[in-house]
Amino acid sequence: MAMMMAVVFNVNALAQSTKYVKVKDAPEDWSGTYLIVYEDDANNQGIVFDGSLEDLDVVNNFFAVSNDYQKINGEDVRTIDSSEKVDGATFTISKSETEGIYNIVSASGCGIGYNKFDTDEQGNNIEEADMSCKNGKTYDNTIAMQEGKTNVVITAKVGYELRYNTDEGKTRFRYYAPGKKKAIKLYRKTVIEDEATAIKTLTKAETSASYTIQGMPVNKAVKGQIMISNGKKKVVK
């Protein structure tokens, strides 16, 4: 009796995955869920601002992840895979009531970009940007792409920009004077659909053998034919 082989396969099945995709062009509306990232190309990794922290304004307020290129809609773009840790580090950007102004809130519920007041030698108030979490308040920011680059410029009401500091002993994301420290990128949370094979069960037939998508052995491959070989979908070229 011939050995029966059970193959469940749907060539039109779509697999969904959640990734964070690097923003390369300014959208009309920045509202969405993002990772705030410094691209450490020297070490081939992305440095992610950790939005899970209750106190964001601390040294080493980040962690490193892979940010490899992936082809999406025919274009090579940098992505970061979703995970429990990554998803917990996000920031939500939403429109404020003022045109062109956005509020940015961490996953831990902290609004960033508010004013902190200090005084100079004459006792005059000086405004500084700060990121301490204060009772879920939100503060005004503008967001723009740097011309000719993929750097994202997030500017607090006082004029300071959200940047990444690589100085030894001071490494952190924080607001700094315009143009100081390292530029940042935004990676937007995106659901990606990819065509996938759905192979549920394969009997003891040799895994090196090839089969049609109906589960029949392939004796002679034909150019353009779709087959299953070693448990994977392949197209004969």
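**Salt bridges, one pair at a time**

Guide: In this predicted model, the side chains of Lys181 and Asp167 meet in a salt bridge, 2.8 Å from N to O. The pair ties together distant parts of the chain, 14 residues apart: Lys181 sits in the loop between β14 (172–176) and β15 (185–195), and Asp167 in the loop between β13 (161–165) and β14. Strands here are DSSP runs (E, at least two residues), numbered from the N terminus.

Visitor: What makes Lys181 and Asp167 a salt bridge?

Guide: The term asks for a side-chain nitrogen of Lys or Arg within 4 Å of a carboxyl oxygen of Asp or Glu. Lys181 and Asp167 have their N and O at 2.8 Å, so they qualify. Side chains of opposite charge can pair when their charged atoms come close.

Visitor: Why is Lys181 called partly exposed?

Guide: Buried means under 20% relative accessible area, exposed over 50%, and partly exposed in between (1.4 Å probe, protein chains only). Lys181 comes out at 34%, so partly exposed is the label. Asp167 gets that label too, because its value is 31%.

Visitor: How do you know whether Lys19 is buried or exposed?

Guide: Lys19 has 13% relative accessibility, which is under 20%, so Lys19 counts as buried. Its side chain meets that of Asp81 in a salt bridge of 2.4 Å, N to O. That pair spans 62 residues, from strand β1 (residues 14–22) to strand β6 (residues 75–81). Asp81 is partly exposed, because its value is 47%.

Visitor: And why is Lys71 called exposed?

Guide: Lys71 is at 53%, over the 50% mark, so exposed fits. Lys71 forms a salt bridge with Asp76 at 3.3 Å, N to O.

Visitor: What makes the link between Arg78 and Asp41 a polar contact?

Guide: A polar contact is a pair of N or O atoms within 3.5 Å; within protein, one must be able to donate a hydrogen and the other to accept it, and residues adjacent in sequence count only if both atoms are side-chain atoms. The side chains of Arg78 and Asp41 are joined at 2.8 Å, so the distance fits. Arg78, in strand β6, also belongs to a network of salt bridges with Lys22, Glu39 and Asp41.

Visitor: Why is Arg78 called buried?

Guide: Its relative accessibility is 10%, under 20%, so buried it is.

Visitor: How are these residues numbered and counted?

Guide: Numbering runs from 1 along each chain as its sequence is written, and side-chain values use heavy atoms, leaving out hydrogens and water. Local features need pLDDT of at least 70 and side-chain atom pairs count only at pLDDT 80 or more, while totals for chains, interfaces and linings use all residues.

Definitions and conventions. Helices (H or I, at least four residues) and strands (E, at least two) are DSSP runs, numbered from the N terminus.
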